[in-house]
Amino acid sequence: MISTIFRRGAGAALALAVMCGAAAAIDISGAGATFPYPIYAKWAEAYRKDTGNGLNYQSIGSGGGIKQVKARTVTFGASDQPLKAEELQAAGLVQWPQVIGGIVPVINLEGVAGGDLTLDGLTVAKIFLGEIVKWDDAAIKKLNPKAKLPSQPIVVVHRSDGSGTTFNFTNYLSKVSPDWKSKVGENTSVEWPVGIGAKGNEGVANNVANTKGAIGYVEYAYAKQNKLTYTKMVNKDGKVVPPSMETFQAAAAGADWSHAEGFYEILTNEPGAKAWPITAATFILLPKEPKSEADAAEALKFFSWAFANGGKMAEELDYIPMPKPVVELIKKSWANVKSADGKPLLH
Amino acid sequence: MTRAAAVIVLVILAGVIVSLVYGSMPAIQAFGFGFLTSQAWNPVTENFGAAAAIYGTLVTSIVAMVIAVPVGLGVATFLTELCPHALRRPIGVAIELLAGIPSIIYGIWGLFVLAPFLQSHVQPALISAFGDIPFFSTLFAGPPYGIGMLTAGFILAIMVLPFIASISRDVFETVPPVLKEAAWGIGATTWEVMRYVVVPYTRVGVIGGMMLGLGRALGETMAVTFVIGNAHKISGSLLAPGTTISATIANEFTEAVGDLYTSALIELGLILFVITFFVLALARYMLMRIEQKSA
């Protein structure tokens, strides 16, 4: 009896020692976009095993991430919507893309399987503007001469919460449709002309899966996990492409990062025969003169580690790692993150 | 001590009002009174109006009360007058458990179970049944999305039911047996005993329960967000997607970049506060009128 108590006591002491040990290690904090949350969480877990240092990431949305890093309440912020160079300058932040993903239109149409249907940007814009209201519209028929399209009303499903996914989707529609640009525009949330709003990627995925005749847009991973019917798209070069790692990578490769100030580059409607038109990067924001130099240095170490070791984990979760030359550019830009005496934090 | 505690409540309330008003000043200055009547909700051009959210809040709450009040009173009547004694406790506990389920669970259940069911079975029936009757044909105009104002009202009804049912049951049990026995004695039916003895005796408590329920229905956020469709539009049809004040705030606050956008959301919060205040004031006034009449 006494020995059990002793053993328990020893166990508790051991647990306490382990917890103290963990508390002594540096825990960096980040907040922002929900889209990269799964991969950041996975990286953080592997990083803790490697180095003993942890990462506490709150997926509160891109807008929240921008606000918190501007207020310096977190070590870094994360956003799917990059900040413009002026805004970075004003807030004293550096910015770089961390990982890339794809946004795909998903549909629920009887007799139409994944990849059977092809759409182009202008048609998608017209559907989301409420100008095309039936699936057997001439514009859709023209793109799909072989498909059997029912005379069914189209139910548009969009995000109801503010979202980086919405920003990239509406940015793409604004690029391909002047009508969309003037009537609706691009933002993390917009005044949708038609349709029902659903919360989160999973909300859109579920509403499309439940509603006959529905069309929505989700991150590729959600379409895959929920086995939703995705469409092919006509890209900027006029080629029909399916959503896949290969076509997302082609879009990422086509982007000219070297001339983008503050890495302000949106990957929608990129040129290239194989480029998927609605590809999106997600960004990290870090103060140039951090409040805690130790935390900021640790954050840079973490992202450097993620660039070096995290590629395979990203691919497992259907994200695309940044191309090598871009990583080199990003690492050079980190020289702007300086300590109080003006020296770069990470050499 | 006790006075200090009471004063603290007033201070907190004043603090909430002041911070809400302060936070919504930019939006009040930009849109003025038009905020209440405008249906616009455009984050790109920063043009906001609260009409659609106010409309949705009131309509879903009304739908919820129309369903929950008769059912709740029925449940309370059954439990106090008709139910076999062995069943009273299990049913009573089950009703109270309904109040303990977190609202996010109602939301998920509504989205995955109730909405598909309404979409495939109930809504088409409603559309065809009321299609030829004026007024009702606009109220139940299709297409059946599954989610929408009616579904949100239905979820809210389930959520406020335990408030109404268990408070009504508790106050029904306070009726002195001698009053009821007197009524039975002169040959009254159960219905007449309820209608002329129990309900008049307990009306203050019953109305209190209803107001608690209404308060919850007006402010409920998560469950509604899942099933209402979140469209900033006023539509005559109950089947159409809409939005409520609290759903709008919950959906958009985290990503509201820009001061005017944030401020417009805070002003929505202020409006909800005022609506709730007026509803409670109205309830007090009704109670006063009833008490004066009976005195």
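Reader: Which term applies to D318(A), buried or exposed, and on what value does it rest?

Author: In this predicted model, D318(A) has a relative accessible area of 10%. The term buried requires a value under 20%, and D318(A) is therefore called buried.

Reader: What makes the pair K224(A) and D318(A) a salt bridge?

Author: The closest N and O atoms of K224(A) and D318(A) are 3.0 Å apart. The rule asks for a Lys or Arg side-chain nitrogen within 4 Å of a carboxyl oxygen of Asp or Glu, so the pair qualifies.

Reader: Where do these two partners lie in chain A?

Author: K224(A) belongs to helix α10 (residues 220-225) of chain A, and D318(A) to the loop between α13 (311-316) and β13 (320-321). With their positions 94 residues apart, the bridge links distant parts of the chain.

Reader: What is the exposure class of K224(A), and how is it known?

Author: K224(A) has a relative accessible area of 47%. Partly exposed covers the range between 20% and 50%, so K224(A) is partly exposed, whereas its partner D318(A) is buried.

Reader: How many salt bridges does the structure hold, and what makes E87(A) and K70(A) one of them?

Author: Over all chains there are 13 salt bridges. For E87(A) and K70(A), the N to O distance is 3.1 Å; the limit is 4 Å, and the pair therefore counts.

Reader: Why can the E87(A)–K70(A) pair be said to tie parts of the chain together?

Author: E87(A) lies in helix α4 (residues 85-91) and K70(A) in helix α3 (residues 62-70), so the pair joins parts of chain A that are 17 residues apart in sequence. Both ends are partly exposed: E87(A) has a relative accessible area of 32%, and K70(A) one of 36%.

Reader: How do you know that D179(A) and K183(A) form a salt bridge, and where do they lie?

Author: Their side chains meet at 3.7 Å, N to O, and the limit of 4 Å thus admits them. Both residues lie in helix α8 (residues 178-183) of chain A, four residues apart, or about one turn of the helix. D179(A) is partly exposed at 35% relative accessibility, and K183(A) is partly exposed at 48%.

Reader: What keeps E265(A) from being assigned a salt bridge?

Author: K175(A) is the nearest side chain of opposite charge, and it is 6.8 Å away. A salt bridge must fall within 4 Å, so E265(A) has none, although this residue is buried. E265(A) is found in the loop between α11 (245-254) and β12 (279-287) of chain A. Leaving out residues up to four places away in sequence, E265(A) touches A255(A), D256(A), W257(A), A260(A), E270(A) and F283(A).

Reader: What makes helix α9 of chain A a mostly covered helix?

Author: Eight of the eleven residues of α9(A), residues 200-210, are buried. Among them are G203(A), V204(A), A205(A) and V208(A). Each falls under the 20% limit, and each is therefore counted as buried.

Reader: How is the size of the interface between chain B and chain A expressed?

Author: The size of an interface is often given as the accessible area lost when the parts come together. Between chain B and chain A, about 2300 Å² is buried, and carbon and sulfur atoms give 48% of this area. In chain B, V44(B), Y145(B) and E255(B) lose the most area to chain A, together 25% of what that side buries. The contact comprises 28 residues from chain B and 34 residues from chain A.

Reader: How many salt bridges and polar contacts does the interface have?

Author: The rule finds zero salt bridges across the interface of chain B and chain A, whereas ten residue pairs are in polar contact. Elements giving two or more residues to the chain B side include β1 (41-42), α10 (222-227) and α12 (259-294) of chain B. The largest share of that side, four residues, comes from α5(B). The residues of the chain B side divide into 17 nonpolar, eight polar and three charged.

Reader: What is the make-up of chain B in helices and strands, and what share of the chain is buried?

Author: Chain B has twelve helices and two strands. Of its 295 residues, 46% are buried.

Key:
Residues numbered from 1 in each chain as written. Chains lettered and ligands numbered in written order. Predicted model: local features only at pLDDT ≥ 70, side-chain atom pairs only at ≥ 80, totals over all residues. Heavy atoms only, no water. Contact = heavy atoms within 4.5 Å. Buried area = accessible area lost by both parts, 1.4 Å probe. Polar contact = N/O pair within 3.5 Å; in protein donor to acceptor, adjacent residues only side chain to side chain. Nonpolar A, V, L, I, M, F, W, Y, C, P; charged D, E, K, R; others polar. Buried < 20%, exposed > 50% of the residue type's maximum accessible area, 1.4 Å probe, protein only. Lys, Arg positive; Asp, Glu negative; His and termini not counted.
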